[in-house]
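Here is a set of short exercises with worked solutions. Try each task before you read its solution.

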Amino acid sequence: MRKILVGIKRVVDYNVRVRVKPDGSGVALEGVKMSVNPFDEIALEEALRIKERGEASEVVAVSIGTEDAQQQLRTALAMGADRAILVKVSEAVDPLVASRVLVAIAQQENADLVILGKQAIDDDAAQTAPMVAALWGRPQATFASKITLEGSVATVIREVDAGLETIAVDLPAVFSADLRLNEPRYVKLPDIMKAKKKPLDIIEFSALGIAADVGLKTVFVEPPKPRSKGIVVKDVAELVDALQKKGLI
Amino acid sequence: MSKILVIAEHDGAKLNQATARAVTCARQIPDAQVTIAVFAADPAAVAADAATLAGVDAVVTVAHSANETALAAVLAPQIVAVAAHYTHVLAASTAFGKDLLPRVAALLGVPQISDAMAVEGAYKFKRPTYAGNAIVTLEASPDRILVASVRGASFEPAARGGNAPISALSVTVELPTHTRYVSLSAAASSDRPDLASAAKVISGGRALGSKENFALIYSLASKMGAAVGASRAAVDAGYAPNELQVGQTGKIIAPQLYVAVGISGAIQHLTGIKDAKTIVAINKDAEAPIFEVSDFGLVADLFVVLPEIEKALAG
Ligand SMILES: Cc1cc2nc3c(=O)[nH]c(=O)nc-3n(C[C@H](O)[C@H](O)[C@H](O)COP(=O)(O)OP(=O)(O)OC[C@H]3O[C@@H](n4cnc5c(N)ncnc54)[C@H](O)[C@@H]3O)c2cc1C
Ligand SMILES: Nc1ncnc2c1ncn2[C@@H]1O[C@H](COP(=O)(O)O)[C@@H](O)[C@H]1O
């Protein structure tokens, strides 16, 4: 039976408006609410539905993060993942490094499907799924809004700029979840209790023999240039007039 | 010298405007020599189109029946073979580029800079993170190929008037058969301006309330010659197709005029429109965050004012 690996990244909650530190070294994360990357909840929901349809036997949640990422893995277990693996790092890694780790785990676990998010809402990189697919030598179906499995083939509808594209990929394969793939379930209290007893293995990043430095350094972090606040017009006539004066309509 | 390879995005006939924006980014790299690579079943028309972009030094083509449709798994190994002669590989940060470039970078064993928004040096770029709330300056190692996707909203499309030489390359790499194109269903009609490149965009939000009501947005857009966009809430509710979503996880656009109708202005939406020259907001809640970024705000019920605006435009 199929085994599914799901990426769970711990990120700043999407409702938080992050602040850049005055010294330009990064963003202030102290006391900020952290959550499972929203796209990873969608990825996990999809894995769980595939399992519930009887099309997979095990769902494994994997996070590359600090000790604290165990919280997000517990959330994943409460949602319904069978097991979790934390690859422990001391600081955030580049998507290329995360990809190498995920491939190592996918090989170790003999995974049939790897489902990741389309992008992490902290780095907004949108790199990991295609990188994992490339390094693993497998097909990719990114921005998935519908996944159908039949034997050794997955048919996937993808959200692309022109509309909805359908492709077919041979398994094993890597998928990235887009917003419309599903609506993730809510975690119920008894599930949180049950999740505490599910296995969560911790692997030291250094044990994998993967280099953390990929030669990309952060020089500086700054806030965006603010947009100046405009005016409130009193009615349609004033709005149309203002836009006409600017030659916009 | 920086030898930049820009991967062409196209529909088999014409170059996508997003590639012309990536060319502008490429040109800003110090001492750049810019080559556009066209992968297609029959690249002639697209190559001819690409050759007319100002600032392009050369166009190279790779013809292969497997390149009839753009599949990342099929294109990536071909790009890797061509990339060996270049210092940089760039593509637009569109669905095409986001799907393709990381696969190329991984095969090359290099990291990627996503959504480059400013060039600070041959290996130094700025990019947005946290929905545009933190701008990061990144520096890559000069002894490896630099792979970057280009944020279209930050660069004007390259002008026309160029006349670059076109040459055909033969690439002999094994192409995978594990990924197959099936079909494309396009919801939006092609007689409207393209959302990504339109000078004017009108977007509707959750407040429209239904797919039928969303026709109000289409109607006004037609009158103004504008493209139509939508908030995530409007797309999720099925009022508008997914490819119209504007924002952090949809399209990032920079039109001359952006009109947000019944959209609250969540950070995920705002990051998609921050580079618009003029922003108009119509919302019945005077406290809506959209008014913090709008040049002209109208506090009103959209169902009252949209017909009024249409009438004013007709008169
Ligand atoms: C991972 C993630 C990614 C996301 N990506 C995006 C993205 O790319 N793009 C995006 O847009 N959102 C995105 N979102 C969603 C975002 O957080 C907001 O939920 C969404 O933008 C809200 O859409 P809205 O403004 O249409 O709806 P609402 O926030 O519900 O706002 C509706 C507005 O309409 C006004 N209104 C109601 N009735 C009327 C009326 N009759 N006349 C005038 N005004 C009226 C209300 O005052 C309100 O301000 C994302 C969220 C997550 C978690
Ligand atoms: N550190 C990580 N731990 C677990 N999954 C990750 C990690 N980084 C990236 N991913 C996965 O890759 C997706 C895309 O991330 P990114 O390429 O950083 O935008 C995320 O939604 C996750 O599914």
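**Exercise 1: The shell around ligand 2**

Strand 4 (58-65) and strand 6 (113-117) of chain A each give two or more residues to the shell around ligand 2. The model is a predicted one.

Task: Which strand gives the most to this shell, and which residues come nearest to ligand 2?

Solution.
- Step 1. Start with the strands. Strand 4 of chain A contributes the most, with three residues.
- Step 2. Turn to the residues. There are 18 around ligand 2, and the nearest are A:Asp40, A:Ile64, A:Ala120, A:Ala126 and A:Thr128.
- Step 3. Sort the shell by class. It holds eight nonpolar, seven polar and three charged residues.

**Exercise 2: Polar contacts of ligand 2**

Task: Take A:Asp40, A:Ala120 and A:Ala126. Which part of A:Asp40 faces an oxygen atom of ligand 2, side chain or backbone? Which part does the work in A:Ala120 and in A:Ala126?

Solution.
- Step 1. Recall the cut-off: a polar contact needs a pair of N or O atoms within 3.5 Å.
- Step 2. Check A:Asp40. An N or O atom of its side chain is 2.5 Å from an oxygen atom of ligand 2.
- Step 3. Check A:Ala120. Here a backbone N or O atom is 2.8 Å from a ligand 2 oxygen.
- Step 4. Check A:Ala126. Its backbone N or O atom is also placed 2.8 Å from an oxygen atom of ligand 2.
- Step 5. Add the cover. Ligand 2 on its own exposes 480 Å², and the protein buries 98% of that.

**Exercise 3: A site shared between chains**

Task: Why is the site of ligand 1 shared between chains?

Solution.
- Step 1. Look at who surrounds the ligand. Chains A and B both supply residues around ligand 1, so the site is shared between them.
- Step 2. Count the residues. There are 28, and the closest are B:Arg206, B:Ser231, B:Val246, B:Thr249 and B:Ser264.
- Step 3. Class them. The shell has 11 nonpolar, 12 polar and five charged residues.
- Step 4. List backbone contacts. B:Gln248 has a polar backbone atom 3.3 Å from an oxygen atom of ligand 1. For B:Gly250, a backbone N or O atom is 3.4 Å from a ligand oxygen. For B:Lys284, a backbone N or O atom is 3.1 Å from a nitrogen atom of ligand 1.
- Step 5. Find the cover. Alone, ligand 1 has 990 Å² of accessible area, of which the protein covers 85%.
- Step 6. Name the elements that give two or more residues. They are helix 1 (38-52) of chain A, plus helix 6 (232-236), helix 7 (267-270) and helix 8 (302-314) of chain B.

**Exercise 4: Two domains in chain B**

Task: How many residues does each domain of chain B bring to the contact between them?

Solution.
- Step 1. Set the bounds. Domain 1 of chain B spans 2-168, and domain 2 spans 200-314.
- Step 2. Place them. Their C-alpha centres are 31 Å apart.
- Step 3. Count. Domain 1 of chain B brings seven residues and domain 2 of chain B brings 10.
- Step 4. Take the area. The two domains of chain B bury about 640 Å² between them, with 40% of it on carbon and sulfur atoms.

**Exercise 5: Unusual backbone angles**

Task: Which peptide bond is cis, with omega near -5°? Where is A:Asn110 found?

Solution.
- Step 1. Recall the rule. Most peptide bonds are trans, and most residues other than glycine have a negative phi.
- Step 2. The bond from A:Leu171 to A:Pro172 is cis. A:Pro172 sits in the loop between strand 9 (163-170) and strand 10 (173-177) of chain A.
- Step 3. A:Asn110 has a positive phi, near 55°. A:Asn110 is in the loop between helix 3 (95-109) and strand 6 of chain A.

Technical notes:
Residues are numbered from 1 along each chain as its sequence is written. Chains are lettered from A and ligands numbered from 1 in the order in which they are written. This is a predicted model: local features need pLDDT of at least 70, side-chain atom pairs count only at pLDDT 80 or more; totals for chains, interfaces and linings use all residues. Side-chain values use heavy atoms; hydrogens and water are left out. A residue is near a molecule or strand if one of its heavy atoms lies within 4 Å of it. A polar contact is a pair of N or O atoms within 3.5 Å; within protein, one must be able to donate a hydrogen and the other to accept it, and residues adjacent in sequence count only if both atoms are side-chain atoms. Accessible areas come from the Shrake-Rupley method with a 1.4 Å probe; for residues, only the protein chains shown count as cover. Helices (H or I, at least four residues) and strands (E, at least two) are DSSP runs, numbered from the N terminus. Ala, Val, Leu, Ile, Met, Phe, Trp, Tyr, Cys and Pro count as nonpolar, Asp, Glu, Lys and Arg as charged, and the others, Gly among them, as polar. Domain bounds come from an automatic or database domain assignment. Contact means heavy atoms within 4.5 Å. Buried area is the accessible area (1.4 Å probe) that two parts lose on being put together, summed over both.
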